[in-house]
Structure formats: structure tokens, C-alpha cells
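Here are my notes for a colleague who is opening this entry without having seen it before. They go from the whole chain to one strand and then to one residue.

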Amino acid sequence: MGGVLADSRIGAMNEADVQSVLAECIDPNTGRDLVRDRAVKRLQIEGDEVAVDIVLGYPARSQYDAIRKMVAERLRSLPGAPRVHVSVSHKIISHAVQRGVKLKPGIRNIIAVASGKGGVGKSTTAVNLALALAAEGASVGILDADIYGPSQPQMLGITGRPESIDGKTLEPMEAHGLQAMSIGFLIDVDTPMVWRGPMVTQALEQLLSDTNWRDLDYLVVDMPPGTGDIQLTLSQKVPVTGAVIVTTPQEIALLDARKGLKMFEKVGIPIVGIVENMSMHQCSQCGHLEPIFGEGGGQAMCRDYNVPFLGGLPLDRRIREQADGGRPTVVADPEGAVARIYRDIARKVAVFIAQKSEDHSAKFPTIKVVN
């Protein structure tokens with residue numbers, strides 16, 4: 001079994017029995033067994049003791065105990081009731097991107113969060129997705145790609161200017177455990193960006209490439225709305241592992257979300273799934289639920305394009321207040337119902353990426369021909 005080492009001293013148990021039990025242990029997040037997912041990285045059997053190392057391909061700090069308990073209970077059911085030692089951890093690797101695009105130094109995976117239309121809560125979703133991934137133990141950055149209307153500085157509560165240690169690259173700003181970069185860190189709040197398309201795309205490329213990102217498992221890119229120059233630049237020149245589409249149930253928003261989805265499909269970027277924002281409003285006085293922007297639009301779009309539905313978020317005043325105050329929901333109310341939805345969405349995104357093929361481009365040597 002690839003990736004599994006067994007001690008030669010096998011007592012009452014044998015390796016085949018242990019492997020058989022591990023193959024029956026289903027990861028509740030992937031729906032697949034741990035052997036098939038190649039999550040079993042070390043198996044040692046010595047006398048009446050079994051030691052197993054489980055290494056997940058996605059960040060799952062909150063899931064460790066449940067998976068450890070499941071594996072230990074199944075192994076203890078073996079004849080002789082062996083003593084069991086199970087360790088659970090995770091390791092994030094680089095996964096495949098568009099053909100012909102190379103990975104960026106210091107970044108293993110890039111997740112684009114996009115919407116065809118503005119005002120659907122894309123930036124709020126992007127920052128909470130990034131924070132949820134970080135809360136599960138990943139190293140995460142966020143790039144504010146909206147040059148005309150940067151919002152991440154306020155949402156993260158960051159002020160000041162980024163530093164440059166070497167005079168060539170910028171050090172990312174930091175807040176709530178995230179590395180962050182935005183044009184908003186480099187200009188005054190009231191300064192409008194009256195730039196034409198080529199200048200905007202050049203600025204995006206510089207923000208991505210000239211930032212000293214430090215060993216990121218994921219870089220979440222908060223895309224501007226639409227399907228214009230910035231979106232095309234990102235999809236053609238930036239190694240994107242997958243795209244998350246944010247919409248509301250409203251038909252007008254879905255029309256534009258479909259255009260964004262089709263754009264990513266045309267350039268070979270996988271659609272991780274769709275997030276439906278403002279799915280339902282709950283009255284703060286009586287608790288009545290009302291679908292102000294319509295019902296079921298996100299799920300219908302998922303069925304039309306055969307992509308996963310990642311989750312629905314309520315129209316909740318606290319989400320807006322927390323983001324405006326520089327402490328988005330996942331850090332402001334980490335145990336609340338809405339934060340749990342964001343964490344569930346983040347886990348689905350990470351699992352989707354973990355199940356993609358590995359990127360091997362960084363392992364190939366660079367060949368130079370010299371006269």
C-alpha cells in the first residue's frame with residue numbers, strides 16, 4: 001500500500017486486518033475511506049499495539065478529535081482489543097492549475113472568490129472564507145483584487161502602509177492571522193483610482209507578484225465584480241486552483257453570476273462551488289423567516305451547471321456590522337450560527353481542492369541552453 005509503512009514484528013494481529021479496518025473508516029468530510037484518500041501515512045504494529053498516523057489533505061483542526069476517535073474505536077474492535085495510538089494532522093500541497101501557468105513563489109493554492117454583480121456580499125464572503133481556513137490551521141493570505149473599490153483594509157481593520165525590507169517587494173499586512181495586500185494600503189481612503197484597464201491589470205499583477213507572501217497554503221483573491229480586464233488577467237496569468245462564485249437568490253444577480261461561472265470554465269479554472277448570500281432574512285423581533293431576494297436560485301444554478309452548492313448565508317445585520325467594524329463574523333462570533341456556516345463552506349472548499357490532482361511543475365528542473 002503506497003505511503004504505508006508496517007513494522008515487521010507482527011503479533012496476534014496482521015497488517016491485512018488493520019488495513020481492512022482502516023479501509024472501512026470513512027472521512028465524514030470527504031465521504032471516502034482513509035486508505036483511498038491516502039491519508040494513512042504510517043502504520044506500525046508491535047505486539048498488541050497499533051500506531052497510526054493520519055494526515056489529511058485539507059485543514060481540519062476542529063475535526064481531529066472526531067476522526068481520531070473514529071479510527072481508534074474501529075481498531076480496538078480487532079481481535080485481542082489492541083492498544084491503539086492514533087495521531088491526526090494535515091498537510092496542504094499544491095494542486096493543479098490552468099495549463100501553461102506556473103505557480104507563484106510562497107503560494108501553494110489560489111482561490112478566486114468572484115461574482116458577476118456587485119453588492120452580493122462577495123468581499124464579506126471572501127474574508128470570512130479566508131478566516132475560516134486559517135481557524136482550521138492553514139496558512140492563509142487574502143489579496144484584494146478590486147483596484148477601483150478596495151474593501152479588505154476596512155473589513156480587516158488594518159491601517160498604515162506596508163513595509164519593504166529589500167526595496168523591491170512589499171511585506172504583507174497582517175490581521176486576525178491573515179496575510180493581506182490591497183491597493184487600499186497604498187492610497188488614501190478618499191483617493192479615486194481613475195486608471196484605465198492596462199494600468200489596473202498591471203497593478204493587480206504587481207500586488208500579487210511583488211508581495212512577499214510567506215509560505216501560504218491558500219491565497220484567497222477577492223475579485224472585483226464583472227468579467228472585464230482584471231478577471232481575464234487573473235484567469236490567464238495567475239495560477240488559480242479553483243473559483244468560488246457568490247450570488248444572491250435574485251434572478252438579476254444570477255444572470256451575472258452565470259457569466260462569471262462561464263468565464264472561468266472557458267479558461268480552464270474549476271468551479272469549486274456556489275455560495276448563496278442573503279438566502280433568508282430572519283426578523284430580529286419575531287423570528288419570522290422571509291426570502292426577500294427569492295428562493296432556491298443558487299441551488300438551481302448548481303443543478304444547471306452541475307457544480308456543488310457550498311452553502312447559504314442569511315441576510316443578517318450583524319454580518320455587515322462586524323465586517324464594517326474590522327472584525328468579520330468568523331473572528332467576532334466564532335461559535336455563532338453564521339460563523340459555523342462559513343466554516344462549513346471553507347471545509348467544502350478545502351476538501352474540493354484536496355481531491356484535485358497534485359501540481360508537479362515545481363518539481364521539474366529548469367533547463368537553460370547556453371552558447
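1. The protein chain contains eleven helices and 13 strands, and the reader should keep in mind throughout that this is a predicted model.

2. On overall dimensions, the C-alpha trace of the protein chain spans about 75 × 75 × 40 Å along its principal axes. The radius of gyration is 23 Å, which agrees with the value near 21 Å that a compact globule of 371 residues would have.

3. As for the interior, 49% of the 371 residues in the protein chain count as buried. Among the contacts in the protein chain with a separation of 6 or more, 75% are between residues 24 or more positions apart.

4. Turning to the surface, the protein chain exposes about 17,900 Å², and carbon and sulfur atoms supply 51% of that area. The charged side chains number 40 positive and 43 negative, and the centres of these two sets lie 3 Å apart.

5. Is strand 8 buried or exposed, taken residue by residue? This strand covers residues 216–222, and seven of its seven residues are buried, so strand 8 is largely enclosed by the rest of the structure. The cut-off behind this statement is a relative accessible area under 20%.

6. Which strands pair with strand 8? Strand 4, made of residues 107–114, runs parallel to strand 8 and is joined to it by six bridges; within this pairing, Ala112 has Val221 of strand 8 as its bridge partner. Strand 5, made of residues 140–144, also pairs with strand 8 in the parallel sense, here over five bridges, and Val140 stands opposite Tyr218 of strand 8. As a general point for reading such a region, the side chains of a regular strand alternate between the two faces of the sheet.

7. Arg32 is a residue to look at outside these strands, since its place is in the loop between helix 1 (15–22) and strand 1 (40–46). Its relative accessible area is 23%, and Arg32 is therefore partly exposed, given that buried means under 20% and exposed over 50%.

8. Which residues does Arg32 touch, if those up to four places away in sequence are not counted? They are Cys25, Ile26, Asp27, Asp37 and Gln355. A further pair that can be located in the view is Arg32 and Glu276, which are 244 residues apart in sequence and, from C-alpha to C-alpha, 26 Å apart in space.

Terms used:
Residues are numbered from 1 along each chain as its sequence is written. This is a predicted model: local features need pLDDT of at least 70, side-chain atom pairs count only at pLDDT 80 or more; totals for chains, interfaces and linings use all residues. Side-chain values use heavy atoms; hydrogens and water are left out. Helices (H or I, at least four residues) and strands (E, at least two) are DSSP runs, numbered from the N terminus. The radius of gyration is taken over C-alpha atoms; the globule rule is 2.2 Å times the number of residues to the power 0.38. Buried means under 20% relative accessible area, exposed over 50%, partly exposed in between (1.4 Å probe, protein chains only). Contact means heavy atoms within 4.5 Å. Accessible areas come from the Shrake-Rupley method with a 1.4 Å probe; for residues, only the protein chains shown count as cover. Lys and Arg count as positive and Asp and Glu as negative; His and the chain ends are not counted. The place of a charge is taken as NZ of Lys, CZ of Arg, CG of Asp or CD of Glu. Two strands pair if DSSP finds at least two bridges between them.
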